[in-house]
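Visitor: I should like to go through this protein with a guide. Please begin by showing it.

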Amino acid sequence: MINSIKFLLVFVCTMTLSIAYAQMPGGAGRGQMGGQNMSLGHLYGKVLESVSGKPLEAASVLLIQNKFDSVTKKRKDVVVGGMLTDKKGEFSLENINIMAQYKLKITAMGFKAYEAKAGFELNMAGARNGDMSSMLNAVDKDLGNITLSPDAQQLENVTVSASKALLEMKIDRKVFNVEKNLTSVGGTAVDVMKNVPSLNVDIDGNVSLRNAAPQIFVDGRPTTLTLDQIPADEIASVEIITNPSAKFDASGGGAGILNIVMKKNKKAGYNGNINASIDSRLRPAFGGDINVKQNKINFFARGRLNYRKSISTNESNRTDFLKNDTTAMTLQNNKPISRGYFAFLRGGFDYFIDNRNTITVGGMFVKGQFKNTDYINTERDTLYQNNLLLTDRGIRDTRTSFQFRNIGANISFKHNFAKPNKEWTVDANYNNSRNENTGDYNTQSFYTNNNPKTAARVERTGGGGTTKFFTAQSDFVNPISDNIKMEMGVRAAVRNYESTLSNYVQDGTGKYVLISGLSNDYKFNDQVYAAYATFSQKIKSFTYQLGLRAESSSYTGTLISNNKKFKNDYPFSLFPSVFLTYKLNDKSDIQLNYSRKVNRPNFFQLIPNFDITDPNNISIGNPNLIPEFTNLAEISYQNQLSKKTSFLATVYFKNTNNLITNYQYRDKNPDTATNYPKPDSVLITSYANANTSYNVGLELTTKTKLTKWWDFNVNINLYNSTLKAGALAGGGDNSQFSMFGKINNSFTLPKNFSIQLSGDYQARTILPPGRGGGGGGMMMMFGGSQVGAQGYIKPNYGVDIAIKKDFMKNKAASLTLQMNDIFRTKLYATHSESQFFVQDNSRRRDPQVLRLNFNYRFGKMDVSLFKKKSMKGEMDSMQNASQGMGN
């Protein structure tokens, strides 16, 4: 994160701005173009005596630019920055215009003067080929140790890229720049993911990447936050890594990584923004951020408060095949409503010990509460063997409340060596999250004449959970030469989780009585220790990277009620990765990669105790589960077809053995704790290792600038998913060819207006393993999670739109009006079946919601803002000393 904000700001400058700059006479206006301030550069280094190698204090460091003098009509040298080296011989020049060329001059009494070129050259071809390391060095360049001697070192040229689009395509990942995405303004990370290429987001906010659930990272580290707890306006970009190398965690089953990069500013001076929004349900949101950087301290703070109201409409139609040729047909509908808020605070500071050592300390606080109401109506027809048909109906009134709180802290240290790109980092992260939930449920069945069939069942639940998650990591990057690089690191992750759930039922006196058989308290400890190393080399047009990761993990769970323990250990596992890239020409390359991943069973899947907190959704774990291992391979081809169009095609293959999936079977009802009417036999959900699964697909991504005012991005994923259920009870093999596509249009209009129009389409596809066919309150009265091998998701599509108006000087303020699912077509529907049932569910959530957002940016790029001592006299002296240079 140390250089990420400068990388983002530099990338704002587009190809068009670069061409316009080149056409400007005499460098006029080069400090600010098209409203974009280009004074983002930072040059620093250390001055040493050539003989003794000791630091040279009070050496004069001048940065000189040759400019056109409008008065004399001649060019002359002008000092644009300067200082005296400190006791350590160090100097640091900030707020340098990256579009200009400079001369660096260093002088000291008794030493020969040192002069060298220092400039920032725009290398568009390098950026298009995905070489971003040179860009990062360009905007925050360590000039190394400079000795004042006749053999003065010449500074290396550096390159930057001056293009930042909504979507950046690299050979190993895609980067989605959130600040360019209008339809997620004022929302959460869930709204962001709906627009990210390759990602599919269902109605509950669950994200899948190539039909599997990826790992969620924040700033390169795992997080305990959920996507709906992260404000969209706090996100700078999202990185989609489909096949991570050995540098990343092997866990997660090979579903890829989504790395959410949070905003962080490091401009000198002060700057920030304030924003507010309101939606068509009259739910407001407020937020803002502030950044202050002066000398060795960079302070940053951000915060946002969101109020939300969510409305869903659900319908389910189910047929159960009972014993003795009895069939039960059930129709259920409900309209759950959720109201609440969440607050997000994040802050910290960077302390620049010197030019090459930085300490960053940060913290985060998230808190929220949501209250939900639901009224479920059920109609049931039961057809018996003798053709006797009985009809009844039921209602379930639900009132629940959910509260959550997350506190996080992190500290990191980064050391930059004098050698470019050589660095060592150490960081530690700690998260403590807590949630509490309560619920009141009133359930009753009636005959068709509205006479009660059963007494009202009044229940109350209460519980919560805590998670303590600690990670520590150290990474070392060593570019041995221009063509050889080594990376290595170690990581430790320890997580402690504890959960309590109590279920009460109201007796005849109105008193709530605890039912121990329907309550569940447990805790677990999860530890993973890892080490990795990668080696990469470039040989002419061919580049390869070899990586190996070793992991040791242990998992211990305890049922608190009876102190029963469950444990599994995986003391040593190896996970290799191979990346091979061949550059066909300056505009295209091809890559082949492979990696091995693991997905270990969790506590919920292992405990062999019945969970009957919902009598109609009974489940039990399987202590005999073993980890599933996944092999991933990709072949990618990238081509910069023109200055306006780029294309990326990827063929991928994923094979998982011993796939962990859920399935259902019919057995005796284990609920013996209550006296309410209940069936003798029920469907029970459990987990097992299926034989295997295969995923083969072709993903195509292109971005193009059709005209000066129209940018067009499209992503299409064609794939076939096959799941071999093996001997699972009630299961069966399933194979389905499908496709998923996203389109994003950005229009730049006159008068500072812009429009974004985006849409997605999901063809029929099988349910991802482990994800049910139902969801939410729809499944609370009957049924449960359906095995992935038994169902599919029906086709669905949706379109979102946003309009933005920039105004005030330098476009400091903006208004954005957006609407999601503008045609009300986003209907999430599933079909699932087995020898026990056939079920169809459909859900629609929050269609056609309008949101109006206001944003205002402020700031002053003044490095002397908080200085106690003015440097004006010192700078004037250096300016006068240089007057003779250009005459």
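The questions below concern composition, salt bridges and nonpolar cores.

Guide: This is a predicted model, in which local features need pLDDT of at least 70 and side-chain atom pairs count only at pLDDT 80 or more, while totals for chains, interfaces and linings use all residues. Residues are numbered from 1 along each chain as its sequence is written, and side-chain values use heavy atoms, with hydrogens and water left out.

Visitor: What percentage of the residues of the protein count as buried?

Guide: Buried means under 20% relative accessible area, exposed over 50%, and partly exposed in between (1.4 Å probe, protein chains only). The protein has 7 helices and 49 strands, these being DSSP runs (H or I, at least four residues, for helices; E, at least two, for strands) numbered from the N terminus. Of its 887 residues, the buried portion is 52%.

Visitor: With which residue does Asp249 form a salt bridge?

Guide: A salt bridge places a side-chain nitrogen of Lys or Arg within 4 Å of a carboxyl oxygen of Asp or Glu. Asp249 sits in the loop between S17 and S18, and its partner lies 300 residues away in strand S31 (residues 542-559). The closest N and O atoms are 3.1 Å apart, and the partner is Arg549.

Visitor: Is Arg549 buried or exposed?

Guide: Arg549 also forms a salt bridge with Glu551, at 2.9 Å between the closest N and O atoms. Glu551 has a relative accessible area of 2% and is therefore buried. Because the relative accessibility of Arg549 is 2%, this residue counts as buried.

Visitor: Which strand holds Arg460, the partner of Asp440?

Guide: The side chains of Asp440 and Arg460 meet in a salt bridge of 2.6 Å, N to O. Asp440 lies in strand S26 (residues 423-447), so the pair ties together parts 20 residues apart in sequence, and the strand of Arg460 is S27.

Visitor: Which element gives the largest share of the largest nonpolar core?

Guide: A nonpolar core is a set of buried Ala, Val, Leu, Ile, Met, Phe, Trp, Tyr and Cys residues joined through side-chain atoms within 4.5 Å. The largest has 28 residues, and those with the most contacts inside it include Val192, Ile230 and Ile260. Elements giving two or more residues include strand S17 (235-241) and helix H5 (189-193). The largest share, 4 residues, comes from H5.

Visitor: How many residues are in the second, separate core?

Guide: This core includes Val47, Leu63, Ile146 and Leu148. In soluble globular proteins, nonpolar side chains tend to be buried together. The number of residues in the second core is 20.
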